[in-house]
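Hello,

Here is the structure you asked about, with my notes underneath. Please read them with the model open.

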Amino acid sequence: MRTRITELLGIERPIIQGGMHFVGLAELSSAVSNAGGLGIITALTQPTPAALAAEIARCRSMTDKPFGVNLTFLPVRTPPDYAGYIQAIIDGGVKIVETAGNNPQQWMPLLKEAGIKVIHKCTAVRHALKAQNIGCDAVSVDGFECGGHPGEDDVPNFILLPRAAEALRVPFIASGGMADARSLVAALALGADGINMGTRFIATQEATVHENVKQAILAATELDTRLVMRPLRNTERVLVNKGVERLLEKERQLGAAITFADIVSEVGGVYPKVMQNGELDAGAWSCGMVAGLIHDIPTVRELMDRIMNEAEHIVSQRLAGMFAAAPAH
């Protein structure tokens, strides 16, 4: 399938793997790229720029197709060594970076000078326009359904994607609620140039996360996510568990007086415990509403072949058939 995104990134299928903490490792990223999409390594899962350089080299040994790196700019007092991580990306010959979190403007000259295509993750059209204006090559538009940080506007993709299509010149990717061929066809119909899947890719054989995590996603319905940290304006959509219930209880008790320090035990250092050790109740971990549409744990290639085959069927048979069956006027 050809779209503006496949052309821009040099990939065969308009499917991008989301950058996910302790999930975006070489095994999953290379599998997505090998199946014709764009795999993404998560930079900040790696403790140092040197560790990221090693992970990029490992991914390079597992695929000869394009892959990218996600770099999230966090609003923290002591930021990570972003210059070091970017140097590791450049030295590793990576040509696609997905930025997220704070505005990446200060790092754009360095990335562009290295010939890197930048996709910025946005939760609002105004942020997407800003990303376009600072020179991002594409944007990923995240609807309210998404796992992780959906922003504070609560606009679902059925509204957000057509609005983005009206406003943007650069290609954009639909993110949040994407799981299958129906998601892909709908996103393209709404004006997107491809889809970004996060939660769906966790439930694949190549995702190197604990089996408990995959089974939890399989067992979950669309009603099993919660929004946490809303009072702190750092809203995150997570899978409900005992840690999340403790966090929500603190939010109820403390109300507007709550600070990050009050909840750090439910959100700090959670990912290694969950993703590596399978301690599902350790605290809040990101999961999309799309869990309700996930019913198996295929290989990445099986999943992506199925999406593309079914998408072709929906467009050429089901939708085209509706027009063909319409009486002439």
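Threonine 299 is a good place to begin: its relative accessible area is 19%, so it counts as buried, the cut-off being under 20%. Please keep in mind that this is a predicted model. Threonine 299 sits in the loop between helix H13 (270–276) and helix H14 (300–325). A polar atom of its side chain lies 3.0 Å from the backbone nitrogen of glutamate 302. Leaving aside neighbours within four places in sequence, threonine 299 is in contact with Gln205 and Glu206.

Next, helix H11. This helix covers residues 242–254, and its 13 residues at 1.5 Å each should span 18 Å; the end C-alpha atoms are 18 Å apart, which agrees. Gly243, Val244, Leu247, Leu248 and Glu251 are the buried residues of H11. Viewed down the helix axis, they fall within an arc of 135°, so they line one face. An α-helix has 3.6 residues a turn, so residues three or four places apart point the same way. The buried residues of H11 pack against strand E9 (225–228), strand E10 (236–239) and helix H12 (260–267). On the face turned away from the buried side are the exposed residues Lys242, Arg252 and Gln253. At the start of H11, a side-chain oxygen of asparagine 241 comes to within 2.9 Å of the backbone nitrogen of glycine 243. After the helix comes glycine 255, with a positive phi near 55°.

As for the interior, the largest nonpolar core has 83 residues, and Leu52, Leu71, Ile89, Phe201 and Met275 have the most contacts inside it. H14 supplies the largest share of this core, seven residues. Not counting residues up to four places away in sequence, isoleucine 89 touches Leu52, Ile56, Val69, Leu71, Val94, Val97 and Ile116.

There are 20 salt bridges in the structure. One of them joins lysine 121 and glutamate 98 (3.7 Å, N to O). Lysine 121 is in strand E5 (residues 117–122) and glutamate 98 in strand E4 (residues 96–101), so this pair ties together parts 23 residues apart in sequence. Glutamate 98 is buried at 2% relative accessibility, while lysine 121 is partly exposed at 22%. Lysine 121 also forms a salt bridge with aspartate 142 (3.6 Å, N to O); aspartate 142 lies in strand E6 (residues 138–142), 21 residues away. Aspartate 142 is buried, with a relative accessible area of 5%.

Regards

Note on methods: Residues are numbered from 1 along each chain as its sequence is written. This is a predicted model: local features need pLDDT of at least 70, side-chain atom pairs count only at pLDDT 80 or more; totals for chains, interfaces and linings use all residues. Side-chain values use heavy atoms; hydrogens and water are left out. Helices (H or I, at least four residues) and strands (E, at least two) are DSSP runs, numbered from the N terminus. The expected span of a helix is 1.5 Å times one less than its number of residues. Buried means under 20% relative accessible area, exposed over 50%, partly exposed in between (1.4 Å probe, protein chains only). The arc is that of the directions from the helix axis to the C-beta atoms. Contact means heavy atoms within 4.5 Å. A polar contact is a pair of N or O atoms within 3.5 Å; within protein, one must be able to donate a hydrogen and the other to accept it, and residues adjacent in sequence count only if both atoms are side-chain atoms. A nonpolar core is a set of buried Ala, Val, Leu, Ile, Met, Phe, Trp, Tyr and Cys residues joined through side-chain atoms within 4.5 Å. A salt bridge is a side-chain nitrogen of Lys or Arg within 4 Å of a carboxyl oxygen of Asp or Glu.
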